[in-house]
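I sat down with this model to look up its side-chain contacts and strand pairings. My notes are below, in the order I went through them.

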Amino acid sequence: QVQVVESGGGLVQAGGSLRLSCVASGSSFSIDYMGWYRQAPGKPRDLVASITSGGNTNYADSVKGRFTISRDSAKNTVYLQMNSLKPEDTAVYYCNARGALWGKFFGSWGQGTQVTVSS
């Protein structure tokens, strides 16, 4: 089993910054993809940013130029640097990790971390 744990959420004023972290842990696994998703009340969970093992990144249009995803492969950790935050960025942010566990595909979600941006 691969466990995923997020941290770094909190309350920030509009225009401020936050950095989220996500760590995947377990044994005998490799990661091909890690992504950040967010879900606001009454809305679906949407992709914010993702990064593959090859370093390819993908961003939602709404965060391009403001958010940056990066990774530390040795630590199975991915970060989301969020700058110029807006009230509409308020949501629970979830981390998703995918790869191979004992040779079989796995996909794991974290418990989420709340980000609240005040106007």
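These entries cover salt bridges, strand pairing, aromatic pairs, charges over rings, and two polar side chains.

**Entry 1: what I am looking at**

I am working from a predicted model, not an experimental one. I keep that in mind for every distance I note down.

**Entry 2: salt bridges**

I started with charged pairs. How many salt bridges does a search of the whole structure find? I get three.

I took D89 and R38 to begin with: they form a salt bridge, and their closest N and O atoms are 2.9 Å apart. I then looked up where the two sit. D89 is in the loop between β8 (77–82) and β9 (91–101), while R38 belongs to strand β4 (residues 29–39), so this bridge ties together parts 51 residues apart in sequence. I checked exposure too, and both D89 and R38 are buried.

D89 turned up again, this time with R66. Here the closest N and O atoms of the salt bridge are 2.8 Å apart. R66 lies in the loop between β6 (57–59) and β7 (67–72) and D89 in the loop between β8 and β9, so the pair ties together parts 23 residues apart in sequence. Both of these residues, D89 and R66, are buried. I noted the consequence for the set: R38, R66 and D89 are linked in a network of salt bridges.

That left D61 with K64, whose salt bridge has its closest N and O atoms 3.1 Å apart. Is D61 buried or exposed? I find D61 exposed, at a relative accessible area of 64%. The cut-off for exposed is over 50%, so D61 earns the word.

**Entry 3: more on R66**

I went back to R66, in the loop between β6 and β7, for its surroundings. Its relative accessible area is 11%, and under 20% counts as buried. A polar atom of the R66 side chain lies 2.9 Å from the backbone oxygen of S84. What else does R66 touch, leaving aside its neighbours within four places in sequence? I list Q81, M82, N83, S84, L85, K86 and D89. D89 I already had as a salt-bridge partner of R66.

**Entry 4: strand pairing**

Next I followed the strands. Strands β1 (residues 3–7) and β3 (residues 18–25) run antiparallel, joined by five bridges. Within that pairing I picked out Q3, which stands opposite S25 in β3.

β3 also pairs with β8, again in the antiparallel sense, over six bridges. Which residue in β8 is the bridge partner of L18? I get M82. M82 is also among the contacts I listed for R66.

**Entry 5: aromatic pairs**

I ran the same kind of search for rings, and the whole structure gives two aromatic pairs. F29 and F106 form an edge-to-face pair, 6.1 Å centre to centre with 90° between the planes. The two phenylalanines come from distant parts of the chain, F29 in strand β4 and F106 in strand β10 (residues 104–109), 77 residues apart. I looked up exposure for each: F29 counts as buried at 17% relative accessibility, and F106 is buried at 6%.

The other pair is Y37 with W109. Their ring centres are 5.0 Å apart and their planes at 65°, so I log this pair as edge-to-face. It links distant parts of the chain as well, with Y37 in strand β4 and W109 in strand β10, 72 residues apart. Y37 is buried, at 10% relative accessible area, whereas W109 counts as partly exposed at 39%.

**Entry 6: charges over rings**

I found R19 lying over the face of Y79, 4.0 Å from the ring centre. I also found the charged end of R45 over the ring of Y94, 3.6 Å from its centre.

**Entry 7: N96**

I finished on N96, in strand β9. How accessible is N96? It counts as buried, at 3% relative accessibility. A polar atom of the N96 side chain is 3.2 Å from the backbone oxygen of S108. Leaving aside neighbours within four places in sequence, I list Y33, M34, G35, Y37, S108 and W109 as contacts of N96. Y37 and W109 are familiar from the edge-to-face pair in my ring notes.

Technical notes:
Residues are numbered from 1 along each chain as its sequence is written. This is a predicted model: local features need pLDDT of at least 70, side-chain atom pairs count only at pLDDT 80 or more; totals for chains, interfaces and linings use all residues. Side-chain values use heavy atoms; hydrogens and water are left out. A salt bridge is a side-chain nitrogen of Lys or Arg within 4 Å of a carboxyl oxygen of Asp or Glu. Helices (H or I, at least four residues) and strands (E, at least two) are DSSP runs, numbered from the N terminus. Buried means under 20% relative accessible area, exposed over 50%, partly exposed in between (1.4 Å probe, protein chains only). Two strands pair if DSSP finds at least two bridges between them. Rings of Phe, Tyr and Trp (its six-membered ring) pair if their centres lie within 6.5 Å; planes under 30 degrees apart count as stacked, over 60 as edge-to-face and the rest as tilted. A charge sits over a ring if NZ of Lys or CZ of Arg is within 6 Å of the ring centre and within 35 degrees of the ring normal. A polar contact is a pair of N or O atoms within 3.5 Å; within protein, one must be able to donate a hydrogen and the other to accept it, and residues adjacent in sequence count only if both atoms are side-chain atoms. Contact means heavy atoms within 4.5 Å.
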